[in-house]
Amino acid sequence: MHYLVLDLEMTGPEPGWNEIIQIGAVLYDENWTEKGRYQSLVYPENEESFSSYSEEVHGIAIEDLDEAPMMNEVIPEFEEWILSKMGLRNLAPAQREGHLRHVW
């Protein structure tokens, strides 16, 4: 079993309106030995959700996100990172599904 610790920075405190602008993660194995770290800025789809208060909290300005990928680009990269750190990168797509999410 692996453990994934996430740290998300948002454009504000309301999940229905605000968006993720940074993903940080540390992956550990079953003995809590660190396997790797991941970090990516994320450009928000809704720039209006960005608040000056959130900028004060996390120190990320909207200008810092100008070159950042959008969430639809970050998620596949993040999933690949997790699989590679777990030693599962070479699995066929059908075999990968159960390792990151349950398909109903």
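**Exercise 1. Around a loop serine**

Leaving aside its neighbours within four places in sequence, which residues is S49 in contact with? Find them, then decide whether S49 is buried or exposed.

*Solution.* Keep in mind that you are looking at a predicted model.
- Step 1: Locate the residue. S49 sits in the loop that lies between β3 and α1 (52-58).
- Step 2: List the contacts. Once the neighbours within four places are set aside, S49 is in contact with T11, W17, N18 and E19.
- Step 3: Judge the burial. The relative accessible area of S49 is 2%, and buried means under 20%, so S49 is buried.
- Step 4: Look at the side chain. The side chain of S49 reaches the backbone oxygen of N46 at 2.7 Å.

**Exercise 2. Reading the sheet**

Work out the order of the strands in the sheet, and explain why β1 and β3 each have one side without a neighbour there.

*Solution.*
- Step 1: Write down the order. The open sheet has 3 strands, arranged β1-β2-β3 with antiparallel pairing.
- Step 2: Find the edges. β1 (3-10) and β3 (34-41) each have a single partner strand, so one side of each is left without a neighbour in the sheet.
- Step 3: Add the twist. From one strand to the next, the twist averages 10°.
- Step 4: Zoom in on one pair. β2 and β3 run antiparallel and are joined by 7 bridges. For I23, the bridge partner in β3 is S40.
- Step 5: Bring in the helix. α2 packs on the sheet and touches β1, β2 and β3. The direction of α2 makes about 170° with that of β3.

**Exercise 3. A helix and a core**

Describe α2, then find which residues make up the largest nonpolar core and how many come from α2.

*Solution.*
- Step 1: Check the helix length. α2 has 15 residues and spans 21 Å from its first C-alpha to its last, close to the 21 Å expected.
- Step 2: Pick out the buried positions. In α2 these are V74, F78, W81, I82 and L83.
- Step 3: Recall a helpful rule. An α-helix has 3.6 residues a turn, so residues three or four places apart point the same way.
- Step 4: Name the core. The largest nonpolar core has 9 residues: I23, A25, L27, Y38, V42, V74, F78, W81 and I82.
- Step 5: Trace the sources. β2 (20-28) and α2 (71-85) each supply at least two of the core residues, and the largest share, 4 residues, comes from α2.
- Step 6: Look elsewhere. Another core, of 6 residues, lies apart from this one and includes Y43, F50, I60 and A68.
- Step 7: Leave the helix. G87 follows α2, and the phi of G87 is positive, near 75°.

Note on methods. Residues numbered from 1 in each chain as written. Predicted model: local features only at pLDDT ≥ 70, side-chain atom pairs only at ≥ 80, totals over all residues. Heavy atoms only, no water. Core = buried A, V, L, I, M, F, W, Y, C linked by side-chain atoms within 4.5 Å. Buried < 20%, exposed > 50% of the residue type's maximum accessible area, 1.4 Å probe, protein only. Expected span 1.5 Å × (residues − 1). Pairing = 2+ DSSP bridges. Axes fitted to C-alpha atoms, helices over the stretch in contact; angles between N-to-C directions. Contact = heavy atoms within 4.5 Å. Polar contact = N/O pair within 3.5 Å; in protein donor to acceptor, adjacent residues only side chain to side chain.
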